[in-house]
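Visitor: I would like a close look at a single part of this structure, taken slowly and with the numbers attached. Please begin wherever suits you and then stay with the part that connects best to its surroundings.

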Amino acid sequence: MKESICVLAATALLAGGAGAQTWPTRPIRFITVAAPGTVGDIIPRVVGAALAARLKQPVVVENRPGGSGLVGATAGANSAPDGYNLLLSTSGTMIVNTFVYAKMPFDSLKDFEPVALVASVPLVLVVNGASQLKTFKDLIALAKSRPGAVTYGSLGSGSTANISASILKKTEGLDMIQVPYKGATDAHKDIFGDRLTMMFDFIGSSLPHIRSGKLRALAVARSKRLDVLPEVPSMEELGYPGFDTTMYYGAYVPAGTPREIVRRLGEEFRAVLGQASVRKKFAAIVVEPGDMVGERFAIYQIGQFVRWREIIKSLDIRVE
């Protein structure tokens, strides 16, 4: 009886190994929670093309935007765990939403296997380039002297922009008014037209306007400065230790995907993210390539769950 069990176990292991060795034999679907033309759409197309070249199989990007990323992530969670379904999702969708939404359609820790931290996207605090607000201190002084007069743009409650501004409001005791938008483009128009005071925005969408002078950057929402904006101070430099609302994009597969395939995918992502051509394309959209795969990324993500749980709890942000 024992010999039969051992034979069956060995056979299963050999079958699993053989499956991993032959994978992939057909196209891979790469779901992204982002809309076409956005940074979250460009990233999987850049990475997907590089993966396809290495794996000798097409990597087909599928856009599933909506619901703060929940539409795409739910599709990823419900996909077959066969190594042919990848998901690119954000820390906002996978982590922050867990503590913001009263009910989630999936469990980020139980329903997915983390593959790789693909890219990080810092935020920058911007105002009208023609504004009298020349420095971060000027903005704080205005907000304190005129409660309710300062407005800030966001992509809705629980968005990274909303959380960033909420941390600032709570720390300084400010009365600022949130104005939600469907996208950064509309918020920019209102900043240009002096209908909106400020916004914590992803650097990639604001940088062209900063360079043209239409927007002025007052601070970077993390602990260190950005190479593309070396003159702009970080929030930590300005006296806010631990202020870092950088968003990251991670690659995931559905829970139950064979371990050898998950491991192989992690190594493929590591190789692709180290390629000079990929890093050059990432630099063009002002995102920083990730450097964590597999277990290291999983451990990092658990730490982020702990961190964001405390932040959201302290800010009391909820979406029903």
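Guide: A brief stop on the surface comes before the main part, and it should be said at the outset that the model is predicted. Ile302 counts as partly exposed because its relative accessibility is 48%, which falls between the 20% and 50% limits. Ile302 belongs to helix α11, which spans residues 294-315, and together with Leu109 and Val306 it makes up a nonpolar surface patch whose joint accessible area is about 260 Å².

The part to examine closely is helix α2, residues 39-55, along with what packs against it. Its axis and that of helix α10, residues 276-284, come within 10 Å and cross at roughly 170°; since an angle over 145 degrees counts as roughly antiparallel, α2 and α10 are therefore roughly antiparallel to each other. On the α2 side the meeting residues are Ile43, Val46, Val47 and Ala50, and on the α10 side they are Val278, Lys281 and Phe282.

Within helix α2, Val47 deserves separate attention, for its relative accessible area is 1% and the residue is thus buried. Apart from neighbours within four places in sequence, Val47 is in contact with Phe30, Val118, Phe269, Val272, Leu273 and Phe282. Of these partners, Phe30 stands 17 residues away from Val47 along the chain, with 10.0 Å between the two C-alpha atoms.

Helix α2 also takes part in a salt bridge, in which the closest N and O atoms of Arg54 and Glu268 are 2.5 Å apart. This pair joins distant parts of the chain, as Arg54 sits in helix α2 and Glu268 in helix α9, residues 259-273, with their positions 214 residues apart. The two ends are not equally covered: Arg54 is partly exposed at 40% relative accessible area, whereas Glu268, at 7%, counts as buried.

Following helix α9 from there, a second long-range pair appears, in which the side chains of Arg259 and Glu113 meet in a salt bridge of 2.8 Å, N to O. Here Arg259 of helix α9 is linked with Glu113 of strand β4, residues 112-121, the two being 146 residues apart, and Arg259 is exposed, with a relative accessible area of 53%.

A local pair in helix α9 completes the picture: Arg270 and Glu267 form a salt bridge of 3.4 Å, N to O, and because they are three residues apart in the helix, about one helical turn separates them. Arg270 is partly exposed at 44%, and Glu267 is likewise partly exposed, at 35%.

Definitions and conventions. Residues are numbered from 1 along each chain as its sequence is written. This is a predicted model: local features need pLDDT of at least 70, side-chain atom pairs count only at pLDDT 80 or more; totals for chains, interfaces and linings use all residues. Side-chain values use heavy atoms; hydrogens and water are left out. Patches are made of residues with over 30% relative accessible area and no salt bridge: like charges are joined within 9 Å, nonpolar side chains (Val, Leu, Ile, Met, Phe, Trp, Tyr) within 5 Å. Accessible areas come from the Shrake-Rupley method with a 1.4 Å probe; for residues, only the protein chains shown count as cover. A salt bridge is a side-chain nitrogen of Lys or Arg within 4 Å of a carboxyl oxygen of Asp or Glu. Helices (H or I, at least four residues) and strands (E, at least two) are DSSP runs, numbered from the N terminus. Buried means under 20% relative accessible area, exposed over 50%, partly exposed in between (1.4 Å probe, protein chains only). Axes are lines fitted to C-alpha atoms, for helices over the stretch in contact, and angles run from 0 to 180 degrees between N-to-C directions. Angles under 35 degrees count as roughly parallel, over 145 as roughly antiparallel, 65 to 115 as roughly perpendicular and the rest as oblique. Contact means heavy atoms within 4.5 Å.
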